[in-house]
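Dear colleague,

Please find below the structure that I am handing over to you. My notes on it follow, arranged by topic.

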Amino acid sequence: MAKAKLDEAIFKAYDIRGIYPSQIDEGTALAVGCAFGRYIGKGKKVAACMDVRLSSPSLHKNFLEGFSDSEPKLVDIGVAPTPVAYFAWNYYGFEAGVMITASHNPKEYNGFKFWDRKGWVSMESGLGKIKEMATSGTKCNSRKMNIEERHLQTLDDYGRFVLSKAKVKKGIKIAIDPGNGSYCNLARKILEKAGVEVVEINGSPDGNFPGRAPEPKQESLGELISIVTDGGLDFGIGYDADGDRGIFVDSRGRVLRGDFALAIFVANMLKGGSKVVYDVSCSDAVIDVVKKAGGVPVVTKVGRTYILAAMAREKAALGGEISGHMYFADAYYGDDPLFATMKMAGILSSKGKSLSQLVDELPRYETVALELHAEDSVKFRIVELLTKELSEQGDEVITIDGIKVVTGKGWFIMRASNTTPIIRLIAEAKSKKELDALVDYAKAKFEKAYNKLGR
Ligand SMILES: [Zn+2]
């Protein structure tokens with residue numbers, strides 16, 4: 001059953017992910033468990049969690065067998081959303097943790113996310129070392145290990161923690177869609193305790209994800225949208241399979257991009273002088289509302305690690321990404337969409353406004369996201385050439401992540417994908433006309449650079 005050799009392609013920038021069982025199987029779990037144990041050192045107190053995927057229990061079992069080599073004191077939390085795992089690490093002061101999940105990937109996938117004493121482990125921190133150890137083929141001894149089951153206690157403590165931060169007046173009605181994932185039952189129960197009326201769909205945990213795709217987006221949230229609009233509910237939210245992302249639907253059925261959800265939290269929660277972390281591809285609406293609220297915007301590269309690091313370093317109050325990760329200082333700087341749901345219910349009940357009204361109060365921008373085909377061999381060089389040429393001709397060029405070009409009419413970003421032969425183009429302007437002109441300009445520059453480098 002065990003793989004002869006580990007597939008190195010499963011080691012991604014922030015976690016391990018691949019298709020089960022062709023890329024990740026029980027043998028992989030054993031090797032990765034052993035490597036993680038050696039990475040964190042002997043006898044550490046560590047939490048283990050998993051999502052609802054069909055392959056999670058057997059990967060979990062084999063991971064622990066490999067992990068026992070370093071004789072940890074293991075706290076087994078069982079099936080729980082990623083934010084609960086992160087909460088447990090923080091609240092109980094564990095030295096490390098593992099979450100067995102492939103986040104929002106389709107059901108065929110699975111993987112591992114790790115955190116150590118400093119926080120989430122990425123390729124830039126310790127994942128490279130774990131990869132080296134897992135692929136070296138060193139012999140691993142499985143030993144007897146002390147395992148403490150802490151499923152119910154953790155869920156109770158988590159619920160109490162979230163409720164201690166909630167202030168929701170009666171009368172808020174919402175719909176939630178955990179997509180048969182890890183937040184099933186749990187999110188509804190905690191929200192109901194806070195006095196929120198909840199309609200839950202796709203609410204039974206099922207690793208086949210029969211209700212919808214594990215990633216919440218416009219195309220997968222159709223049922224949630226109808227329930228919110230038909231029922232005249234205040235809002236809806238769809239969580240991804242492991243529950244660390246949430247996408248809001250407003251009372252008019254509009255799906256809210258993550259950066260616009262962040263802008264709503266900023267506009268309605270931020271105290272003057274506080275900092276807000278956002279990534280370079282977020283809408284200018286975020287910067288506008290942060291400044292209006294007397295706050296300080298802090299920009300980072302795209303990616304959870306960068307946002308989390310900046311949140312901690314800057315002691316920021318809020319953070320967010322387009323993808324629907326929402327970060328709160330009072331949720332231990334973590335990204336927790338149930339926390340976000342609770343905060344949103346609290347905002348609406350205290351303001352007496354609907355989410356659609358709050359969306360309409362935000363600064364308006366036209367945005368578009370496109371993919372331009374460019375071969376792997378040339379895609380990064382295209383971005384380099386564009387950076388050089390556009391800087392030389394006097395455009396304002398920001399190179400924090402790919403290339404961001406700011407003109408008087410708006411901005412565009414071009415970034416080469418790490419995994420596929422494409423360059424992503426994101427553009428934003430005040431009007432549709434200006435946006436079209438900006439996109440034409442960006443595409444023309446791209447074509448010219450591509451031709452120059454030889455296509
Ligand atoms: Zn996720």
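In which sense do strand S17 and strand S18 pair, and over how many bridges? Strand S17 (residues 396-398) and strand S18 (residues 403-407) are antiparallel, and three bridges link them. Please bear in mind throughout that this is a predicted model.

**The hairpins of S17, S18 and S19**

Ile398 has Lys404 in S18 as its bridge partner. The two strands S17 and S18 make a hairpin with four residues between them, and in its turn Gly402 has a positive phi of about 70°. S18 also pairs with strand S19 (residues 410-416), again in the antiparallel sense, here through five bridges. Lys404 is matched with Ile413 in S19. Lys404 thus has a bridge partner in S17, namely Ile398, as well as one in S19, namely Ile413. The connection from S18 to S19 is a hairpin through two residues.

**The chain as a whole**

The chain contains 14 helices and 20 strands. Its radius of gyration is 22 Å, close to the 23 Å that the globule rule gives for 455 residues, so the chain is as compact as a globular protein of that length. Along the principal axes, the C-alpha atoms occupy a box of roughly 65 × 60 × 40 Å. Of the 455 residues, 52% are buried. When contacts between residues at least 6 apart in sequence are considered, 70% of them join residues at least 24 apart.

**The four-strand sheet and helix H10**

One open sheet consists of four strands in the order S13-S12-S14-S15, and its pairing is mixed. Strand S13 (296-300) and strand S15 (326-328) are at the edges with a single partner strand each, so one side of each has no neighbour in the sheet. From one strand to the next, the twist averages 15°. Strand S12 (residues 275-279) pairs with S13 in the parallel sense, over five bridges. Within this pair, Asp279 is found opposite Thr300 of S13. Helix H10 (residues 304-314) packs on the sheet and touches S12, S13, strand S14 (318-320) and S15. The direction of H10 makes about 165° with that of S12.

**Helices H8 and H9**

Helix H8 (residues 258-269) packs against helix H9 (residues 284-292) at an angle of about 5°, and their axes are 9 Å apart. Because angles under 35 degrees count as roughly parallel, H8 is roughly parallel to H9. On the H8 side, the residues at the contact are Asp259, Phe260, Leu262, Ala263, Val266 and Ala267; they meet Ala285, Val286, Val289 and Val290 of H9. Sorted by class, the contact of H8 with H9 has nine nonpolar, no polar and one charged residues.

**Helix H3**

Helix H3 (residues 82-92) is mostly covered, with eight of its 11 residues buried. The buried residues are Thr82, Pro83, Val84, Ala85, Tyr86, Phe87, Ala88 and Trp89. The cover over them includes four strands and two helices: strand S2 (45-50), strand S3 (73-79), strand S4 (96-100), strand S5 (109-116), helix H5 (151-164) and helix H11 (337-351). After H3 comes Gly93, which has a positive phi near 70°.

**Backbone features in loops**

Most residues other than glycine have a negative phi, and most peptide bonds are trans. Against that background, three places deserve to be listed.

- Tyr20 and Pro21 are joined by a cis peptide bond, with omega about 0°. Pro21 belongs to the loop between strand S1 (16-19) and helix H1 (26-40).
- Ser103, which is not a glycine, has a positive phi near 50°. This residue is in the loop between S4 and S5. Ser103 counts as buried because 23 other C-beta atoms lie within 10 Å, the threshold being 20 or more.
- Asn202 likewise has a positive phi, near 50°, without being a glycine. Its loop runs between strand S9 (197-200) and helix H7 (222-230). Asn202 is buried too, with 22 other C-beta atoms within 10 Å.

With kind regards

Key: Residues are numbered from 1 along each chain as its sequence is written. This is a predicted model: local features need pLDDT of at least 70, side-chain atom pairs count only at pLDDT 80 or more; totals for chains, interfaces and linings use all residues. A residue is buried if 20 or more other C-beta atoms lie within 10 Å of its own, exposed if 12 or fewer, and partly exposed in between; C-beta atoms are placed from the backbone. Two residues are in contact if their C-beta atoms, placed from the backbone, lie within 7 Å. The radius of gyration is taken over C-alpha atoms; the globule rule is 2.2 Å times the number of residues to the power 0.38. Two strands pair if DSSP finds at least two bridges between them. Axes are lines fitted to C-alpha atoms, for helices over the stretch in contact, and angles run from 0 to 180 degrees between N-to-C directions. Angles under 35 degrees count as roughly parallel, over 145 as roughly antiparallel, 65 to 115 as roughly perpendicular and the rest as oblique. Ala, Val, Leu, Ile, Met, Phe, Trp, Tyr, Cys and Pro count as nonpolar, Asp, Glu, Lys and Arg as charged, and the others, Gly among them, as polar.
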